[in-house]
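Look at the model below with two places in mind: a pair of packed helices and the surroundings of a bound ligand. The paragraphs that follow take them in that order.

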Amino acid sequence: MQKRNIYLDKIPLDEALEKVLDNFDNNYQMSETITEVIPVEEALGRVNAKAVFAQNASPHYYASAMDGVAVDVEVTFGVSDRNSKELIIGEDAFFVDTGDPIPKECNGVIMIEDVNQINASTIEITKAATPWQHVRNIGEDIIASELILSANTQIDPAEIGGLLGAGITEIEVKKQPEVAILPTGSELIEPGSQLKSGKIIEYNSRVIANQIRKWGGKPIRIDKVKDDFNLIREEVKYLSQKYDLVLIIAGSSAGSEDYTSRIIEDLGELLFHGVAIKPGKPLMTGIVDEKIVVGIPGYPVSAYLGSLLFVKPLVNKFLGLPVNQPLTIEAELTQNLVSKLGQEEFIRVKLTEINEVLKAVPLSRGAGVINSVMKSDGFIRVPVLSQGLRKNTNVNVEIKGEVDYKKNLLLTGEKGIVFDLLKDQAKLSQDKLELHLKQLDNSSSLDALKEQSTNLSIFKSICDKEGKNREIITNEIQQIIIINLIKANLGLAFKTNNGERFNSLEDLVQDNILFINRPKETIERELFDNKLQKININDKLIDGYKRTENTGLGVANLIKEEMVDVGIVSQGVANLFGLGFIPLGRANIDLVITEFEFKTDKFQLLLEVIKSTEFKDRLTVIAGYDIEKTGEIIYRK
Ligand SMILES: Nc1nc2c(c(=O)[nH]1)N[C@H]1C(S)=C(S)[C@@H](COP(=O)(O)OP(=O)(O)OC[C@H]3O[C@@H](n4cnc5c(N)ncnc54)[C@H](O)[C@@H]3O)O[C@H]1N2
Ligand code: MOO
């Protein structure tokens, strides 16, 4: 039997970080910084080793700040509307464009708009000029030999401009730390390869490489290695001799083929294995050949976060930059968050303003859901000694990058192709609008609206029962508006090349047909159950009746992958996946919004998108959707 490591003597995050940084100080001699001289134009993200002083002033001559005529302002004194004056070109006045040097005898510029040209050699002015008006002084931007960049500055695009403007074309920067990234796992395949069950596209190393590049380090991505103790061991041994830092991805937990900790122990010293964080708890670090080795958990969010929490501070240390506190923004939490005592949990959130209050909306907590990082604006921490955070309390959101939450508009409801098209169209046609969807069932989606934890809610109802459903909505919330998004046919979808096994409703009871249901209290379920009753089929005879899938897209994916034979989706989704379709009934897919949110500029922009022919055309291409009432207010209270 394979030996497993049962690890997880988890230590708190701050203790773990302290250990790593202490070991950095002990193992890396950073007193003599290694530097190199590179062209300024290529210095983005690099850190300069020494102070840089300007070679020349900028501007380095008196320059006109406007298009016009340069004058000695004395000749204009006393001039006014009633007392205009003519000036001779080439004697009293000289034409200049913005940026031109002004003649020695001049000390002001009159804008061309304030000049009347009488003839080729004469102009008229009607206003006096003040000394040095519209003239850029020598050194207005930069004075020669002034400090342009103090040592230890990470270079941004503006710095590149400032340096070049000051006459500097080359700069001495610190050598970047070279960070080797080794993905491990026999299940990994290269991006773009043919997918098979059990095979995973290797992308963690690519994500981490780009994080490191952004932080100013130099990533070296190594080819993936299969789960083989000796192969990984040899590779780690070689990499630790060659590079400044070594990251081993995956193999960190308790699986039979999780070798990372044993390899580090074998080659050097394991500092710790297991940190009290979630995701990322099996993270470990060690020292091999006087180099720090970080064992990064394989789940993509754990890998992303592990790298952010441990690799970024190390890269900063190498570059002599402070190990910075992240930028935070305060927002109100929209739901209770339960978390396990004894672990610091990192929750991805989306920011949106609801009723003029900035809210933090928690996203998926799964360690495998990289999408939740993509869609998030940042994360909040649930402290180690807390069992959770309360709804409506203020939390600090650590910002991921540049966020423009003013654009964000949050919808709750079912994920689906109509939302995706709307989001894309909104982004294409309104650069002030960014839609986000939080997947919730019909009734939770309305609850979210009621509790002001969403800007608007997508609500599905059966067309024949429109009145009843409207009652549900309006009993729940005051002052709302319902707008139709589309009407859709719902029905059973199936592969048409299934060897004639499934063609009609009656085939559902056959032994070799596997069905997937939709959850209780969805309209898909209701329509299906009604149909079964009508044609007298006992649901107990249907294989898979009790298994459910939340979204139509999810169902279609399962059918496409041949995990199931039949499921309930909209006709549009069936068309999109090229599936056969048997209708069960018709649904309204509506947007429900409060009167207050309806009036916001953002929603009005969205309404324009919904009503646009571009959006409707995109729906029409898929077919199966009825857009007759799209964008119409169908109810207002
Ligand atoms: N019995 C236990 N099982 C697990 C535990 C535990 O405590 N006891 N911990 C879980 C936690 S928490 C995490 S996180 C993961 C860590 O897993 P490993 O570091 O051992 O990595 P793998 O098992 O090989 O992979 C996990 C997951 O991530 C995918 N993966 C791996 N590498 C990549 C890559 N380069 N690019 C994209 N995706 C990658 C891999 O295919 C797996 O799906 O362990 C839990 N299990
Ligand atoms: O703690 Mo593991 O890192 O997500 O799920």
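In this predicted model, helix α3, residues 204-215, packs against helix α6, residues 300-319, at an angle of about 30°, and the two axes are 10 Å apart. Angles under 35 degrees count as roughly parallel, so α3 is roughly parallel to α6. The crossing in which α3 passes α6 is right-handed.

Which residues make the contact between α3 and α6? From α3 come N204, V207, I208, Q211, I212 and W215. From α6 come P300, A303, Y304, S307, L308, V311, K312, V315 and L319. By class, the residues of this contact divide into 11 nonpolar, 3 polar and 1 charged. Lys counts as charged, and K312 of α6 takes part in the contact.

The second place is ligand 2. Its surroundings consist of P279, G280, K281, P282, S302 and A367. This shell divides into 3 nonpolar, 2 polar and 1 charged residue. S302 belongs to the shell, and its number falls within the range of helix α6, residues 300-319.

Three of the shell residues can be followed down to atom distances from an oxygen atom of ligand 2. For G280, a backbone N or O atom lies 2.3 Å from an oxygen atom of the ligand. For K281, a polar backbone atom is 3.2 Å from an oxygen atom of ligand 2. With S302 the side chain is involved: one of its N or O atoms is 2.8 Å from an oxygen atom of ligand 2.

Note on methods: Residues are numbered from 1 along each chain as its sequence is written. Chains are lettered from A and ligands numbered from 1 in the order in which they are written. This is a predicted model: local features need pLDDT of at least 70, side-chain atom pairs count only at pLDDT 80 or more; totals for chains, interfaces and linings use all residues. Side-chain values use heavy atoms; hydrogens and water are left out. Axes are lines fitted to C-alpha atoms, for helices over the stretch in contact, and angles run from 0 to 180 degrees between N-to-C directions. Helices (H or I, at least four residues) and strands (E, at least two) are DSSP runs, numbered from the N terminus. Angles under 35 degrees count as roughly parallel, over 145 as roughly antiparallel, 65 to 115 as roughly perpendicular and the rest as oblique. A crossing is left-handed if the near helix is turned anticlockwise from the far one by less than a right angle, and right-handed if clockwise. Contact means heavy atoms within 4.5 Å. A residue is near a molecule or strand if one of its heavy atoms lies within 4 Å of it. A polar contact is a pair of N or O atoms within 3.5 Å; within protein, one must be able to donate a hydrogen and the other to accept it, and residues adjacent in sequence count only if both atoms are side-chain atoms.
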